[in-house]
Amino acid sequence: MGCGRVGSFLATALDADGHSVAVIDVDPKAFSRLPSDFSGKRVTGLGMDREALKKADIKDAYAFAAVSSGDNSNIISTRIAQETFHVPHVVARIYDPERAYVYERLGIPTVATVKRTAESVLRRMLPPDAAVTWTHPTGEVSLVTATPETSWYGVSFPTVEELTGERIAFVSRLGTIVPARQDFVVQEHDQLYFAIGGAESTRLRSILTATPNFED
């Protein structure tokens with residue numbers, strides 16, 4: 001839902017990859033952002049309108065993304081897709097970070113545009129650090145985002161895991177997040193995502209912001 005810059009990009013990329021795609025937007029002029037060879041459906045209407053969703057074949061959908069410019073529209077349409085039509089994979093674009101937090105806790109994946117953009121910028125401005133990015137409601141497991149000190153550059157991921165005692169789940173590199181691999185080494189500007197037990201990042205921060213200790 002939403003054929004702005006984000007929606008049109010998503011629809012075009014999915015269509016080019018051979019997926020069956022439908023785009024919903026209240027403004028028919030918005031579909032002009034789609035390429036001339038776009039083979040998917042164009043549905044004029046509100047994403048929270050059940051009839052519009054049905055025209056977009058929501059009942060057959062594997063996934064639904066609400067990426068319009070309105071938080072309320074995005075979250076309502078996402079909940080309808082999830083709760084009424086039982087779409088297995090949904091995501092909502094949310095500008096208000098407080099709302100994004102609430103809906104994440106309710107089990108609705110969100111992309112908080114302003115917050116995540118700001119966090120991405122800050123990570124490139126501030127000194128090496130490690131902070132909890134996400135914690136399970138039980139508090140038993142967390143995802144910690146870490147920026148290693150420069151002396152860690154060139155160190156293999158298995159060695160990082162050995163020295164920290166934690167598992168690297170993902171790495172953000174050159175604007176892309178990919179699963180960690182055993183043949184990776186730490187590169188400049190890498191953001192490492194560690195899966196840890198609990199919700200305390202202090203120990204991991206103290207290790208990664210200092211020179212690696214290969215003697216232990």
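This section describes a sheet, its covering helix and several individual residues in a predicted model.

The central element considered here is an open sheet of five strands, in which the pairing is antiparallel and the strand order is S6-S7-S10-S8-S9. Its edges are formed by strand S6 (residues 129–135) and strand S9 (residues 176–179), each of which pairs on one side only. On average, neighbouring strands of this sheet are turned by 25° against each other, direction ignored. Strands of a sheet pair through backbone hydrogen bonds, in either a parallel or an antiparallel sense.

At the S6 edge, strands S6 and S7 run antiparallel and are joined by six bridges. Within this pair, Trp134 stands opposite Leu143 of S7. The two strands constitute a hairpin with five residues between them, and Gly139, located in the turn, has a positive phi of about 80°. Strand S7 itself is mostly covered, with six of its seven residues buried.

Strand S7 (residues 141–147) also pairs with strand S10 (residues 191–197), again in the antiparallel sense and over six bridges. Two residue pairs illustrate the register of these strands. Val144 is placed opposite Phe194 of S10, while Thr145 has Tyr193 of S10 as its bridge partner. On the other side of S10 in the strand order, strand S8 runs antiparallel to S10, and five bridges join the two. Here the bridge partner of Ile168 is Phe194 in S10. Phe194 of S10 thus faces Val144 and is also the bridge partner of Ile168. Strand S10 is largely enclosed by the rest of the structure, because five of its seven residues are buried.

Helix H6 (residues 157–164) lies across strand S8 (residues 167–173) and strand S10, and runs at about 130° to S8. A further helix, H7 (residues 202–208), contains Arg203. Apart from neighbours within four places in sequence, Arg203 is in contact with Thr164 and Glu166. Thr164 falls within the residue range of helix H6. Arg203 and Ala130 are 73 residues apart in sequence, yet their C-alpha atoms are 9.2 Å apart in space. Ala130 belongs to the residue range of edge strand S6. Arg203 is classed as partly exposed because its relative accessible area is 42%, a value between the limits of 20% and 50%.

Two histidines in loops have positive phi values. Most residues other than glycine have a negative phi. His86 has a phi near 55° and is found in the loop between helix H3 (residues 71–83) and strand S4 (residues 89–94). With a relative accessible area of 60%, His86 is exposed, since the threshold for that class is over 50%. His189 has a phi near 75° and lies in the loop between S9 and S10.

Further residues were examined in the helices H1 and H2. Ala52 is located in helix H2 (residues 50–55). This alanine counts as buried because its relative accessibility is 4%, which is under the limit of 20%. Its contacts, leaving aside neighbours within four places in sequence, are with Ile24, Val43, Gly45 and Leu46. The C-alpha atoms of Ala52 and Asp25 are separated by 9.4 Å, although the two residues are 27 residues apart along the chain.

Val6, by contrast, is partly exposed, with a relative accessibility of 32%. This valine is situated in helix H1 (residues 5–16). Together with Phe9, Leu10 and Leu14, Val6 makes a nonpolar surface patch of about 340 Å². Phe9, Leu10 and Leu14 likewise fall within the residue range of H1. Val6 can take part in this patch because its relative accessibility of 32% satisfies the requirement of over 30% for patch residues.

Note on methods: Residues numbered from 1 in each chain as written. Predicted model: local features only at pLDDT ≥ 70, side-chain atom pairs only at ≥ 80, totals over all residues. Heavy atoms only, no water. Patch = residues over 30% accessible without salt bridge, like charges linked within 9 Å, V, L, I, M, F, W, Y side chains within 5 Å. Areas by Shrake-Rupley, 256 points an atom, 1.4 Å probe, with all protein chains shown as cover. Salt bridge = Lys/Arg side-chain N within 4 Å of Asp/Glu carboxyl O. Helix = DSSP H or I, 4+ residues; strand = E, 2+ residues; numbered from the N terminus. Buried < 20%, exposed > 50% of the residue type's maximum accessible area, 1.4 Å probe, protein only. Pairing = 2+ DSSP bridges. Axes fitted to C-alpha atoms, helices over the stretch in contact; angles between N-to-C directions. Contact = heavy atoms within 4.5 Å.
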